[in-house]
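Trainee: Before we use any of these labels, I would like to see how each one is earned. Could we take them one at a time?

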Amino acid sequence: MEIFGVDIGGSGIKGAPVDLDRGDLATERHKVLTPQPATPDAVADGVREVVQRFDWQGPVGITYPGVVTEGATVRTAANVDKSWIGVDARTLLSERLGGLPVVVVNDADAAGVAEMRFGAGRDRTGTVLLLTFGTGIGSALFVDGVLVPNSELGHVEMHGREAEKHTSTKAKDDHGLSWEHWAHRVQKYLLYLEKLFSPELFIIGGGVSRKAHKFLPLIEDVRAEVVPAKLENNAGIVGAAMRAAEQGEQRVSAATAPDPSGGV
């Protein structure tokens, strides 16, 4: 079964059909730069460009880099334009895609559900925390496999400012930090989260997961196991497609359920 997934990030919008039996992209993904400013209309145009590249006509799962409610209303906009706040993202994106069925989910939550089913978190119980390092820091918190949505732990305060301002890969690049220096910042961030949540496992995702060998061996004193995401930077695309498939199944189940009133 294939469903289309799109991952909206602070620097890029990427997507592809996803093979949900394998938990991997069915074909090479297409990516466009996130427009600046990243307003709702501009980002929606970018999503349309990605989806139309594949002539896709089915359901689409789309991540959003911030808090989004179950009803797809945007609540925060840390790394996109503030005009996103209050927007009904599902309606906006569905209309831009010509009425295709759309599901919108927090970006790190999407990456997390993909890693828990197909990647580094598979068959793991207890408390698991996935962190995506990129323009900001996303987080997905799981307790015995159950997601606690919209945790957004990149915004916890450290050193008098949000952690992602100090520890994201954007911060590393902006300040020209060496891998060793940046690994020390990541270590302090993990230790702080460990005090708060005592996870058994940290999964490090985002684009930097492809270079895990450059910094993970430098991280010390963290009691939890620390591993790179197996799906790397495709986890958000896979997770978005998974959520779209789940929503489709729920709609079918609701449509075929017996009428409790007996049709009266």
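**Labels and their cut-offs**

Mentor: Lys 31 is a good place to begin, since its relative accessible area of 44% makes Lys 31 partly exposed, the term for values between buried (under 20% relative accessible area) and exposed (over 50%), with a 1.4 Å probe and protein chains only. This is a predicted model, in which local features need pLDDT of at least 70 and side-chain atom pairs count only at pLDDT 80 or more, while totals for chains, interfaces and linings use all residues. Residues are numbered from 1 along each chain as its sequence is written, and side-chain values use heavy atoms, with hydrogens and water left out.

Trainee: What makes Lys 31, Arg 210, Lys 211 and Lys 214 a patch of positive charge?

Mentor: A patch is made of residues with over 30% relative accessible area and no salt bridge, like charges being joined within 9 Å and nonpolar side chains (Val, Leu, Ile, Met, Phe, Trp, Tyr) within 5 Å. Lys and Arg count as positive, and these four residues gather on the surface in such a patch; Lys 31 itself lies in strand 4 (residues 30-33), a strand being a DSSP run of E with at least two residues, whereas a helix is a run of H or I with at least four.

Trainee: Why is helix 3 called largely enclosed by the rest of the structure?

Mentor: Of its 12 residues, 11 are buried, so helix 3 is described in that way; among them are Asp 107, Val 113, Met 116 and Phe 118. Helix 3 (residues 107-118) also reaches 17 Å from its first C-alpha to its last, close to the 16 Å expected, where the expected span is 1.5 Å times one less than the number of residues.

Trainee: How do you know that Arg 96 and Asp 41 meet in a salt bridge?

Mentor: The term requires a side-chain nitrogen of Lys or Arg within 4 Å of a carboxyl oxygen of Asp or Glu, and for the side chains of Arg 96 and Asp 41 the N to O value is 3.0 Å, so the pair qualifies. Arg 96 lies in helix 2 (residues 89-96) and Asp 41 in helix 1 (residues 40-52), so the pair ties together parts that are 55 residues apart in sequence.

Trainee: What makes Asp 174 exposed, and what is its partner Lys 170 called?

Mentor: Asp 174 has 52% relative accessibility and therefore counts as exposed, whereas Lys 170, at 40%, is partly exposed. Both lie in helix 5 (residues 169-174), 4 residues apart, about one turn of the helix.

Technical notes
Accessible areas come from the Shrake-Rupley method with a 1.4 Å probe; for residues, only the protein chains shown count as cover. The place of a charge is taken as NZ of Lys, CZ of Arg, CG of Asp or CD of Glu.
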